[in-house]
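This report goes through one structure, part by part. Please look at the sequence and the model before reading on.

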Amino acid sequence: MSNGRITHGSSDEPSWIKDLTAHDEESEQVLHAVVGEYATPDELLHACEQVRDAGFRDWDAITPFPIHGIEESMGVKKTILPWIVLGAALSGTTTALLLQWFTNAYDYPFVISGKPFFSLPANIPVTFELTVLFAVFTGFFAMLGLNLLPALYNPLFRHPRMKRFSSDRFAIVVESGDSLFERERVEKLLRSSGAVGVEPLFRPARRAGLPKTFYGVGLVAAVASLLPLAMIAKARFTTTEKTRIHIIQDMDMQPKFKAQAPNRLLGALWNDPRASIAPVDGTVARGEYVEDEAFQYGLDDEGAFVKQFPVTVDEHLLARGEERFAIFCSVCHGLSGDGNGQVNQRAKALAVSGGRGMAWAPPAKLFEQRIVDLPVGEIFNTVTNGKNNMKGYAAQIPVEDRWAIVAYVRVLQKAANVPVGQLPQDVRQELESQPVEGEANK
Amino acid sequence: MVLVRHMPAGLDNTSDDPSARQALIVGNNTYESVTDKVCGAVEDPRIDKRWLAMFVVALGVLATFFGLIVYLISTGVGVWGNNNPVAWGWPIVNFVFWVGIAHAGTLISAILFLLRQDWRTSINRFAEAMTIFAVVCAGTFPGIHVGRIWVAYWLFPIPNQMSMWPNFRSPLLWDVFAVSTYASCSLVFWYMGMVPDLATLRDRAKHPLRRFAYGVLSLGWRHNARAWHRYESAYGMLAGLCTPLVLSVHTIVSFDFAVAQLPGWHTTIFPPYFVAGAIFSGFAMVITVAVPARAMYGMKDIITLRHLENMNKVILATGMMVGYAYSMEFFIAWYGGNRYEQFAFINRATGPYWWAYWIMVSCNVISPQIFWFKKARTSIPIMMVVAIFVNVGMWFERFVITVTSLSRDFLPSSWDYFRPTWVDMGMLVGSFGLFFTLFLLFLRFLPMIAIAEVKTVMPRPAKASGAPEPAETAASLN
């Protein structure tokens with residue numbers, strides 16, 4: 001700590017400062033400022049008042065930490081920063097409310113447990129967070145902006161005492177740009193205000209420009225950095241027949257062959273281009289062996305439909321068949337097999353009331369002679385695999401039950417076509433006692 | 001006549017004699033010695049062997065953590081013990097644990113700043129750094145818990161071809177906004193506080209590369225009074241904004257639980273109870289990291305015993321708040337007459353996870369009671385043990401809340417017992433690796449004490465020429 005004039009070449013000067021100084025001495029220098037150094041905060045405050053009263057404007061105090069009361073001593077006006085932060089906070093509030101209203105109530109309203117699309121209580125947390133977020137970021141960046149930062153270079157950084165000014169010493173810097181600036185006058189003022197050292201600070205007259213290649217490389221890099229954005233923009237606003245690029249495939253696209261699709265690799269290997277490989281001749285896959293084909297498929301050894309039930313038809317089977325028929329078949333075919341179940345009635349009602357494009361193929365009447373003549377194997381086959389509009393029921397009805405249904409269909413056929421003479425006496429009387437439709441008109 | 005009493009020489013400034021104001025910085029420190037000491041820790045070209053040993057261990061644990069994350073993502077969340085109904089499991093326990101720790105930093109910085117608690121200046125940089133690193137750990141867990149991590153950006157309202165938006169009426173979405181706001185604001189607050197100190201490091205730097213790095217980081221700060229004026233205005237406003245932010249963030253984290261209908265979660269006491277718990281665990285973590293660091297770097301005269309004692313008092317107070325919340329939960333379960341809630345709480349204390357509940361109570365409520373004694377408050381070994389107990393207890397608190405409640409939901413047929421897998425345990429340990437790696441890097445490369453702020457609470461020297469240099473070097477004091 002020397003109380004005298006501070007000269008370049010102090011012992012604690014790093015070598016790179018010496019290099020700069022050497023460079024400076026050869027180049028043209030202009031006076032940047034006069035710097036006065038002070039030892040204590042109180043001396044600095046006192047000196048600040050004198051510089052302020054002398055009417056300077058382009059000057060500042062350098063202090064390693066904020067000193068309370070220096071604003072008054074320097075005549076610094078209150079910063080407008082709080083108002084900027086207030087504006088940012090309010091715009092954060094507005095942004096958050098608009099964002100939540102737009103996304104959840106306007107653009108894509110969707111009901112979540114009956115809550116209103118837009119209501120303040122549920123939207124307050126995010127609103128508060130965005131208010132703080134906007135205010136904090138603005139507070140920081142506006143502080144930097146008002147201080148004209150970031151500015152990575154300042155002539156002051158080359159001052160050999162700067163290391164102390166950011167540690168334990170204090171300084172007043174009066175810049176040469178000030179309209180009242182006269183070197184001798186400023187030096188005298190600072191010395192008389194109690195400075196332990198007063199020194200002019202020079203800066204190069206001309207700031208060295210960046211190398212030309214820097215601009216070239218920078219331009220190329222800047223343009224190149226826009227390319228991905230341009231490509232994204234193009235992709236958004238044009239159509240293409242190519243599949244969208246999925247970086248993460250999830251399970252949307254799986255590397256597999258679909259049934260019936262060709263597979264060139266297998267085709268080359270075995271001369272069979274089917275992706276679904278056929279079993280080797282003479283083999284049966286596990287679980288696919290069928291012991292009794294008549295029972296399973298309703299086919300005999302020659303491949304013709306069986307004419308005899310492969311199961312024992314008894315009262316129990318018929319009862320089961322009646323129950324299953326009521327569940328699976330009656331909705332279309334009707335409980336009596338007359339082809340007028342609920343579905344048929346509904347379809348006809350729609351057609352009557354002007355159902356558009358109705359092309360309704362009514363369900364078969366199960367006691368038609370055509371069906372009565374069918375072998376039981378073929379009826380079983382229809383239940384299993386379906387026919388025309390009817391779908392197969394193999395997946396829903398076990399084999400045993402399908403035979404039960406076929407047996408019950410036979411019962412319905414028998415019941416529908418029974419001659420009057422064969423009816424039991426009590427049933428015949430009951431039927432005859434009822435008025436026949438249309439007879440009253442005769 | 002003014003009675004001026006000077007504290008006894010030495011490092012003990014814990015006396016409560018009201019006739020003399022205790023110094024916050026002891027050991028004949030001057031502005032210059034504080035700068036030298038804090039910057040010296042960063043500038044020393046030698047690598048401390050203890051630091052290196054800890055760093056290697058922390059880095060190893062961190063590598064394990066990353067390995068486990070890769071394993072998790074490549075395999076699926078089934079590698080965790082999470083089941084149905086305990087779908088949240090340890091990842092969310094760890095998230096709440098770390099987010100809680102993260103709260104002390106901004107609390108010390110912001111709330112104590114607004115309350116003009118000058119003692120904060122010695123520990124706020126530590127605590128803020130701890131906040132940032134704890135938030136990093138906290139953010140990792142929900143991030144990897146979402147399952148399909150590659151669509152984690154769906155959490156944010158980004159326009160997309162599906163025209164889908166997040167649901168702003170869900171506490172989990174609030175949490176995304178709260179935690180990310182907290183992380184980014186804490187980072188700004190921490191960085192802004194560090195800019196002047198980085199400028200000091202820049203001005204002292206001898207190597208051009210070092211000067212360049214700190215020069216860029218310090219943004220050209222040159223300690224001028226006009227800039228300080230705006231800086232202080234901004235700092236005050238940031239403190240004022242971050243104070244409600246701290247309270248809101250853990251409140252919203254508690255909403256993740258409290259807004260759900262699950263017995264044991266659905267209580268209005270959660271927001272204040274969570275905030276008290278967060279402060280509690282955060283201060284314990286500051287003690288856990290500050291005590292070794294101050295010994296290692298010879299900062300005992302800047303982070304004094306008085307600072308530690310103050311933090312222990314906060315731990316005692318918040319520990320009792322947490323204890324009050326534990327008992328109040330039981331009281332309300334009985335008083336509210338809700339049989340499901342009553343079951344949930346009796347099950348907590350006596351059910352299959354009774355051991356976790358009683359670990360929590362002993363660590364969080366009973367162990368800090370020793371701080372009623374000044375001897376314990378100012379004893380380094382005792383405070384370290386209690387701080388670690390509190391860290392453990394607060395982890396168990398989150399475990400008890402999350403796992404006990406979820407494992408016994410409304411449908412008894414879906415009840416299940418949660419068992420962590422080795423991946424769960426590895427990730428909890430691994431997150432400490434992440435935390436300590438970042439923290440050790442911080443100690444090595446950034447000023448660990450807020451140099452400029454500490455100087456504002458030191459007595460102003462009367463006359464510079466007469467001010468004596470420190471009689472003894474700082475290192476000899478430790």
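Two strands pair if DSSP finds at least two bridges between them. Helices (H or I, at least four residues) and strands (E, at least two) are DSSP runs, numbered from the N terminus. The model is predicted: local features need pLDDT of at least 70 and side-chain atom pairs count only at pLDDT 80 or more, while totals for chains, interfaces and linings use all residues. Residues are numbered from 1 along each chain as its sequence is written, and chains are lettered from A and ligands numbered from 1 in the order in which they are written.

**Sheet of chain A**

In chain A, 4 strands make an open antiparallel sheet in the order E2-E3-E1-E4. Strands E2 (59–62) and E4 (197–204) of chain A are at the edges with a single partner strand each, so one side of each has no neighbour in the sheet. Strand E1 (residues 29–38) and strand E3 (residues 170–175) of chain A are joined by 6 bridges in the antiparallel sense. Within E3(A), A:Val173 is the residue opposite A:Val35.

**Contact between the chains**

Residues are in contact if their C-beta atoms, placed from the backbone, lie within 7 Å. By this rule, 58 residues of chain B touch 59 residues of chain A. On the chain B side, the largest share, 16 residues, comes from H7(B).

**Helix H8 of chain B**

Helix H8 (residues 270–296) of chain B has 27 residues. Of these, 20 are buried, a term for residues with 20 or more other C-beta atoms within 10 Å of their own; exposed means 12 or fewer, partly exposed lies in between, and C-beta atoms are placed from the backbone. H8(B) has a kink of about 25° at B:Ala290, shortly before B:Pro292; the bend at a residue is the angle between axes fitted to the seven residues ending there and the seven starting there. After H8(B) comes B:Gly298, with a positive phi near 65°.

**Backbone exceptions**

Most residues other than glycine have a negative phi, and most peptide bonds are trans. The table lists two cis bonds and two positive phi values.

| Place | Feature | Value |
|---|---|---|
| A:Leu149 to A:Pro150 | cis peptide bond | omega near -5° |
| B:Asn84 to B:Pro85 | cis peptide bond | omega near 20° |
| A:Ser113 | positive phi | near 40° |
| B:Leu219 | positive phi | about 60° |

A:Ser113 counts as exposed because it has 6 C-beta neighbours inside 10 Å. B:Leu219, with 17 such neighbours inside 10 Å, counts as partly exposed.

How values were computed: Two residues are in contact if their C-beta atoms, placed from the backbone, lie within 7 Å. The expected span of a helix is 1.5 Å times one less than its number of residues.
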